[in-house]
Amino acid sequence: MEFQLGGLQVSGETQGEHVRVLIIGSGPAGMSAALYAARDQLEPLVLTGMEMGGQVSLTDRIDNYPGFPEGIKAQELIDRFKAQAERFGARFVMDVATEVDLSQRPFTVKTYSATYTADALIIATGASARKLEVPGEAELTGKGVSYCATCDGWFFQDKDVIVVGGGDSAVEEGLFLTRYARKVTIVHRRNKLRAQPYLQKQAFEHPKIDFIWDTVVTEILGKDAVEAVRLRNVKTGEERVMPIDGVFIFIGHIPNTELFKGQLELDERGYIKVHNWVKTSVPGVFAAGEVADPRYRQVVTSAGMGAAAAIEARHFLSEEG
Ligand code: NAP
């Protein structure tokens, strides 16, 4: 069997194996769960998913993870998380879970290339960028439409781009894009940003950043690349076409829980429902990070949940002897 994974060509079918603790996802929650489970000698195996590091890999710097007063490059933080977990014996497999059976133990997790069974499961699959769902968006993704400034900002040297959204991500990534772009226009559907005050201040004071308020993008136009966006003022109903080179979309996230529908209790937005912070509706299955946390969604809180999930997995396994 051959398949593409994160740009890598992977070939060969493996047997899979039985593990005490299987962790799905390699963001801060999965990494920290791996560290704690490994230190508890539970020999965890981590299925990394497409992106080692999860959403952290889509950002440039992390300034609010404790212990790094000068901030740290996101990639370096991921490498450090991984190295620390590996030091205690955690193993990482670059593969994607495609099917789970949580109806009986051991739990079964199928991936692109193998089938694993596990006595306890920690789900740390995170969340993915929400789409605008407007005409032109899907067709022009990768051709001027992007959900990752760190990945694609470089391509917009001296170009004009818009950023859609008004939260921390939109403002932070908008600020990042000023390194490359000639002008960054933040298009927000209200007239007030949701982002933290310190980010707002930086954006309002930045000479390269402009704002268009009370406005939504209704269409992205272009043949082989983005050429313009159609905008609508939600207060006046007025429409106009704005020529632009790039559209960066940061309008929140959708939890990656498709695999678990019908097997775990999810809330109305699709997040895994947890009690005692990390326990799901199935004993022995724990959830950590943004897949179960629509509220805090920080690297540090996700890492905290990952640690808690591993500790609970240890209690669960030791209680049953
Ligand atoms: P968010 O806080 O949910 O903000 C989403 C933004 O997109 C909001 O301004 C929202 O508008 C807008 N929006 C949503 N749907 C839209 C649509 N269909 N069309 C147009 N606009 C739409 O998401 P986020 O910025 O990705 O942040 C997610 C979490 O990560 C937050 O908890 C945030 O604090 C955290 N985060 C923290 C940092 C940091 O600490 N440095 C950096 C990035 C993210 P409304 O405001 O009108 O709802």
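**Close-up views of a pocket and the ligand site**

**View 1. The second largest pocket in the predicted model.** The space in the second largest pocket amounts to about 220 Å³. Its lining is made up of 13 residues, and those nearest the pocket centre are Ser32, Leu35, Tyr65, Phe81 and Gln84. Three elements, helix H1 (28-39), helix H2 (74-87) and helix H6 (299-319), each give two or more residues to this lining. Sorted by class, the lining of the second largest pocket contains nine nonpolar residues, three polar residues and one charged residue.

**View 2. The ligand between domain 1 and domain 2.** The ligand lies between domain 1 (2-128 + 253-320) and domain 2 (131-249), because both domains give residues to the shell around the ligand. There are 21 residues around the ligand, and Asn64, Asp168, Ser169, Arg190 and Arg194 come nearest. Helix H4 (residues 168-177) gives the most to this shell, namely three residues. The shell around the ligand comprises ten polar, six charged and five nonpolar residues.

**View 3. Polar atoms of the protein beside ligand oxygen atoms.** In arginine 189, a polar side-chain atom is placed 3.0 Å from an oxygen atom of the ligand. For glutamine 196, an N or O atom of the side chain lies 3.1 Å from a ligand oxygen atom. Glycine 167 takes part through its backbone, where a polar atom is 3.3 Å from an oxygen atom of the ligand. On its own the ligand has 920 Å² of accessible area, of which the protein covers 81%.

Methods
Residues are numbered from 1 along each chain as its sequence is written. This is a predicted model: local features need pLDDT of at least 70, side-chain atom pairs count only at pLDDT 80 or more; totals for chains, interfaces and linings use all residues. Side-chain values use heavy atoms; hydrogens and water are left out. On a 1 Å grid over the protein atoms alone, a cavity is a set of points where a 1.4 Å probe fits but cannot get out, and a pocket is an open set with protein on both sides within 12 Å along at least five of seven lines; lining residues have an atom within 4 Å of a point. Grid points are joined across faces, edges and corners, and a volume is the space filled by probe spheres set on the points. Helices (H or I, at least four residues) and strands (E, at least two) are DSSP runs, numbered from the N terminus. Ala, Val, Leu, Ile, Met, Phe, Trp, Tyr, Cys and Pro count as nonpolar, Asp, Glu, Lys and Arg as charged, and the others, Gly among them, as polar. A residue is near a molecule or strand if one of its heavy atoms lies within 4 Å of it. A polar contact is a pair of N or O atoms within 3.5 Å; within protein, one must be able to donate a hydrogen and the other to accept it, and residues adjacent in sequence count only if both atoms are side-chain atoms. Accessible areas come from the Shrake-Rupley method with a 1.4 Å probe; for residues, only the protein chains shown count as cover. Domain bounds come from an automatic or database domain assignment.
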